[in-house]
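Work through the exercises below with the model open. Each task is followed by a solution in steps.

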Amino acid sequence: NEVYKSIKGHSLLEIIMQANDNRINETEYSQPSLFMIQAGVVNILKSAGIVPNMVLGHSIGEIAAAYSSGILDLNQAMTMATIRGQLMQSLPKQGSMVVVFAEEAVIRDIILGEQLISIAAINGPTSMVISGDTERINAMVKIFQQRGLNCIPLNVSHAFHSPLMQPILAAFKQKICSIEFKNPHTQFISTVPTILKPTEVDYWVHHISECVNFKEGMLTIEKN
């Protein structure tokens with residue numbers, strides 16, 4: 001919380017603890033809040049002598065994983081989470097995200113050719129999240145349901161990990177380009193399908209709009 005206050009000039013903890021403060025539902029505040037809680041858990045476990053052999057994060061959780069592995073220090077990680085949330089908040093609220101219970105190949109076949117939506121997360125063998133333009137998402141949901149696939153809409157403000165994130169990528173890169181990444185002291189398991197490394201700025205830029213392949217990350221941990 002003190003690191004956030006040094007960046008923004010006000011307390012994040014007060015927003016989290018106020019039951020009637022709806023700002024916590026805005027991604028500008030929810031993203032650094034999630035990071036703060038995750039980093040807190042990391043430090044509590046560390047103080048109890050529980051140290052991981054490898055770390056894995058989901059979406060904003062990957063910044064916490066980078067902090068836990070030593071790629072980012074606390075100030076760098078909170079700065080990145082805060083900037084990420086601010087820029088996403090600046091985008092028009094015109095996107096949607098939906099969980100679809102189907103295999104990846106089935107989803108990709110149905111959305112083939114779509115320019116404004118994509119698979120945002122692969123959470124398991126038959127648990128996918130699609131994200132993008134609301135009109136196109138709704139059209140795809142109708143097709144999924146016609147094929148007997150269960151769909152659950154997510155309560156989100158924006159279409160995260162989708163093509164709709166593209167307008168903020170250049171600004172995000174410019175704002176984090178001065179961060180000096182370190183080599184991890186703990187194995188960092190990436191969820192992003194890229195040859196880029198998490199010690200590179202472009203990895204985190206790529207991370208914003210690309211799919212979170214959590215399933216592959218979990219399989220990597222299982223293999224190791």
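**Exercise 1.** Locate His161 and state which sign its phi has and whether the residue is buried or exposed.

Solution. His161 sits in the loop between strand S5 (151-153) and helix H8 (169-176); helices (H or I, at least four residues) and strands (E, at least two) are DSSP runs, numbered from the N terminus. Its phi is near 55°, a positive value in a residue other than glycine. The relative accessibility of His161 is 4%, so it counts as buried (buried means under 20% relative accessible area, exposed over 50%, partly exposed in between, with a 1.4 Å probe and protein chains only).

This is a predicted model, in which local features need pLDDT of at least 70 and side-chain atom pairs count only at pLDDT 80 or more, while totals for chains, interfaces and linings use all residues. Residues are numbered from 1 along each chain as its sequence is written, and side-chain values use heavy atoms, with hydrogens and water left out.

**Exercise 2.** Do the same for Ser59: where does it lie, and what is its phi?

Solution. Ser59 belongs to the loop between strand S1 (54-56) and helix H4 (61-69). Its phi is positive, about 60°, although Ser59 is not a glycine. With 15% relative accessibility, Ser59 counts as buried.

**Exercise 3.** Describe how helix H3 packs against helix H5.

Solution. Two packed helices are described by the angle between their axes and the distance between the axes. For H3 (residues 27-47) and H5 (residues 74-89) the angle is about 155° and the axes are 7 Å apart; axes are lines fitted to C-alpha atoms, for helices over the stretch in contact, and angles run from 0 to 180 degrees between N-to-C directions. H3 and H5 are therefore roughly antiparallel (angles under 35 degrees count as roughly parallel, over 145 as roughly antiparallel, 65 to 115 as roughly perpendicular and the rest as oblique).

**Exercise 4.** How many disulfides does the structure hold, and how far is the sulfur of Cys151 from the nearest cysteine sulfur?

Solution. There are zero disulfides, a disulfide being a pair of cysteine sulfur atoms within 2.5 Å. Cys151 is in none, and the nearest cysteine sulfur, that of Cys211, is 17 Å away. Cys151 counts as buried at 17% relative accessibility. Cys211 is buried, with a relative accessible area of 9%.

**Exercise 5.** Is Ile44 of helix H3 buried or exposed?

Solution. Ile44 lies in H3. Its relative accessibility is 56%, so Ile44 counts as exposed.
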